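Colleague: Could you take one part of this model and go through it closely, and then follow the chain from there to whatever else is worth a look? Please give the cut-offs behind any term you use.

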Amino acid sequence: MSPATLPAWDCHTHVFDDATRRPLMPGSHYTPPVRSWRDMSAVGAPHGIERFVLIQPSVYGMDNSLLLDTLDESQNRARGVLVLPDETTETELLALRDRGARGVRFNAVSGSGNGIAGYARLAPRLRAAGWHAQFFVAPESLAAVYEAIRHEGGPDVVVDHLGGAASGPEYAAIREAVFRLLDTGRVWVKASGFYRYGYPVATWAEHFGELLRELARRYPERIVWASDWPHTWFFDPAHGEPMPYGDLLGLLRDSVSDADFQRILRENPPALYA
């Protein structure tokens, strides 16, 4: 099967229900609009996106019920990354895997639940159940992630939103921290979250193109793409309005070769999620 005939994946999305049906965690830092599996499919379809990875939002804490219900609704077109208690058993992980779950998120930025410290307690069971660990951390915490995962025997690891790296000399230290993680051979990085840096869309090629090309050159099998739909960053009106879905995909398409674009969008994700 040629790469162009494989399904294309968006590897970081969220769904939200009405707060009267799915209560938010106390003190949640945003109140989301309703965004459903049908909405997500409709946004991705014009751009050829057929598979989606649902990430548990921080506002739901460890209540993964909406995400799991959405996996069921997707009829095997979606996978899930959950937030789970440290004491979750391997048997429980395997049962959740049958519903489409593939990873646990360790959120040290905006989350309730697991931070970096929780990784060591869950890691052996994640590996045994065929799951991965996903980290959302500030750039200054990349060294702590490296220390947490550097020993052999752990699961594969995914770092959200380029790890906070970008092109340009001011990001040199962050890039090196991301590369050190990728050099372990067990780490993946998501080409996502470009708008979180505050750069105008018109300058994205300048600020991210060189980094995306270097990642594709050095770690071609360790990159996946994601939209971060429905763009919770913009639930804060101070951040403006989200850009079109196609612009997020277009940055990757315009920054790397067609072969690398197809690999990142279609060939790499099944190793983590399929």
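Modeller: I will take the open sheet of eight strands, which has the order 1-2-3-4-5-6-7-8 with parallel pairing. The model is predicted, so local features need pLDDT of at least 70 and side-chain atom pairs count only at pLDDT 80 or more, while totals for chains, interfaces and linings use all residues. Residues are numbered from 1 along each chain as its sequence is written, and side-chain values use heavy atoms, with hydrogens and water left out.

Strands (E, at least two residues) and helices (H or I, at least four) are DSSP runs numbered from the N terminus, and two strands pair if DSSP finds at least two bridges between them. Strand 1 (8-13) and strand 8 (223-225) are at the edges with a single partner strand each, so each has one side without a neighbour in the sheet. On average, neighbouring strands are turned by 25° against each other, direction ignored. Within the sheet, strand 3 (residues 78-82) and strand 4 (residues 101-107) run parallel and are joined by three bridges. Leu82 stands opposite Val104 in strand 4.

Just before strand 4 there is a loop from helix 3 (90-98), and this loop holds Arg99. Arg99 forms a salt bridge with Asp69, with the closest N and O atoms 3.8 Å apart; the term requires a side-chain nitrogen of Lys or Arg within 4 Å of a carboxyl oxygen of Asp or Glu. Asp69 belongs to helix 2 (residues 65-74), 30 residues from Arg99, and the pair links distant parts of the chain. The structure holds 13 salt bridges.

At the other edge, the loop between strand 8 and helix 8 (245-255) contains Pro230, and Asp228 lies in the loop between strand 8 and helix 8 too. Phi of Asp228 is near 65°, a positive value in a residue other than glycine. Trp229 and Pro230 are joined by a cis peptide bond, with omega about 0°. Most residues other than glycine have a negative phi, and most peptide bonds are trans.

Among the helices, helix 5 (residues 142-149) and helix 6 (residues 172-182) pack at about 15° with axes 10 Å apart. Axes are lines fitted to C-alpha atoms, for helices over the stretch in contact, and angles run from 0 to 180 degrees between N-to-C directions. The two helices are therefore roughly parallel, a term for angles under 35 degrees. Their contact (heavy atoms within 4.5 Å) includes Tyr146 in helix 5 and Arg180 in helix 6.

Key: Angles under 35 degrees count as roughly parallel, over 145 as roughly antiparallel, 65 to 115 as roughly perpendicular and the rest as oblique.
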